[in-house]
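User: Could you take a close look at the salt bridging in this model for me, and follow it into the surroundings? One connected answer would be great.

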Amino acid sequence: MKAFFITTAILEVGAGLALVCVPQQAVSLLLGPAVISVVGAGAVPIEQIAGCALIALALANWQARDGGLPAAGRGAVSGRTVYNLGAVLVLGAFGLYSQA
């Protein structure tokens with residue numbers, strides 16, 4: 001089970017960072033270029049929030065790799081915290097830059 005948590009954490013943090021840093025390229029790679037032409041650039045904040053969610057899930061899996069209820073609880077709390085902070089940063093930046 002430990003190898004499963006480590007593997008999923010590594011894959012999820014990679015996908016999450018790609019969605020946060022280069023969202024349109026990551027979505028095009030994952031779902032195909034046709035999705036970008038339909039959705040357009042307006043979905044970038046949604047893609048970045050999805051990236052934050054994957055990073056939070058990766059953190060929760062990484063902390064749960066040692067097993068036991070305390071590790072899973074720490075993973076759940078820290079994962080939620082990372083997701084909430086990421087969502088606030090993405091939406092805050094989107095709100096600030098869309099006003100300009």
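Analyst: Happy to. A search of the whole of this predicted model turns up one salt bridge, a term that stands for a side-chain nitrogen of Lys or Arg within 4 Å of a carboxyl oxygen of Asp or Glu. The partners are K2 and D66, and their closest N and O atoms are 4.0 Å apart. K2 sits in helix 1, while D66 belongs to the loop between helix 4 (44-64) and helix 5 (69-99), so the pair ties together parts that are 64 residues apart in sequence. Helices here (H or I, at least four residues) and strands (E, at least two) are DSSP runs, numbered from the N terminus.

As for solvent, K2 is partly exposed at a relative accessible area of 46%, and D66 is exposed at 53%. Those words follow fixed cut-offs: buried is under 20% relative accessible area, exposed is over 50%, and partly exposed is in between, using a 1.4 Å probe and protein chains only.

Before going further, a word on how to read the numbers. Residues are numbered from 1 along each chain as its sequence is written, and side-chain values use heavy atoms, with hydrogens and water left out. As this is a predicted model, local features need a pLDDT of at least 70 and side-chain atom pairs count only at pLDDT 80 or more, whereas totals for chains, interfaces and linings use all residues.

Helix 1 also carries a charged residue worth a visit, E12. E12 is buried but has no salt bridge, and R65, its nearest side chain of opposite charge, is 12 Å away. (For charge, Lys and Arg count as positive and Asp and Glu as negative; His and the chain ends are not counted.) What does the side chain of E12 make a polar contact with? The side chain of N61, at 3.0 Å. A polar contact here is a pair of N or O atoms within 3.5 Å; within protein, one must be able to donate a hydrogen and the other to accept it, and residues adjacent in sequence count only if both atoms are side-chain atoms. The E12 side chain also has a polar atom 3.4 Å from the backbone nitrogen of A58.

N61 itself is found in helix 4 and is buried, at 13% relative accessibility. Setting aside residues up to four places away in sequence, N61 touches F5, T8, A9 and E12. With neighbours within four places left out in the other direction, E12 is in contact with L54, I55, L57, A58 and N61; contact means heavy atoms within 4.5 Å.

Moving along helix 1 brings us to A15, which is partly exposed at 27% relative accessibility. The C-alpha atoms of A15 and A60 are separated by 15 Å, with their positions 45 residues apart along the chain. The C-alpha atoms of A15 and L30, 15 residues apart along the chain, are separated by 9.3 Å. L30 lies in helix 2 (residues 23-31) and is exposed, at 57% relative accessibility.

What about covalent links? The structure holds zero disulfides, a disulfide being a pair of cysteine sulfur atoms within 2.5 Å. C21 is in none, and its nearest cysteine sulfur is that of C52, 9.8 Å away. C52 is likewise in no disulfide. C21 is exposed, with a relative accessible area of 57%, whereas C52 is buried at 9%.

Stepping back to the whole chain, there are five helices and zero strands, giving the pattern α-α-α-α-α along the sequence. The C-alpha atoms fill a box of roughly 45 × 30 × 15 Å along the principal axes. Of the 100 residues, 29% count as buried. Among contacts between residues at least 6 apart in sequence, 65% join residues at least 24 apart.

Finally, confidence. The chain averages a pLDDT (the predictor's confidence in each residue, from 0 to 100) of 84, and 91% of the residues score at least 70. Among the elements, helix 1 (residues 2-21) has the highest mean pLDDT, 91, and helix 3 (residues 33-39) the lowest, 68. Where pLDDT is low, the predicted coordinates should not be read in detail.

Definitions and conventions. Lys and Arg count as positive and Asp and Glu as negative; His and the chain ends are not counted.
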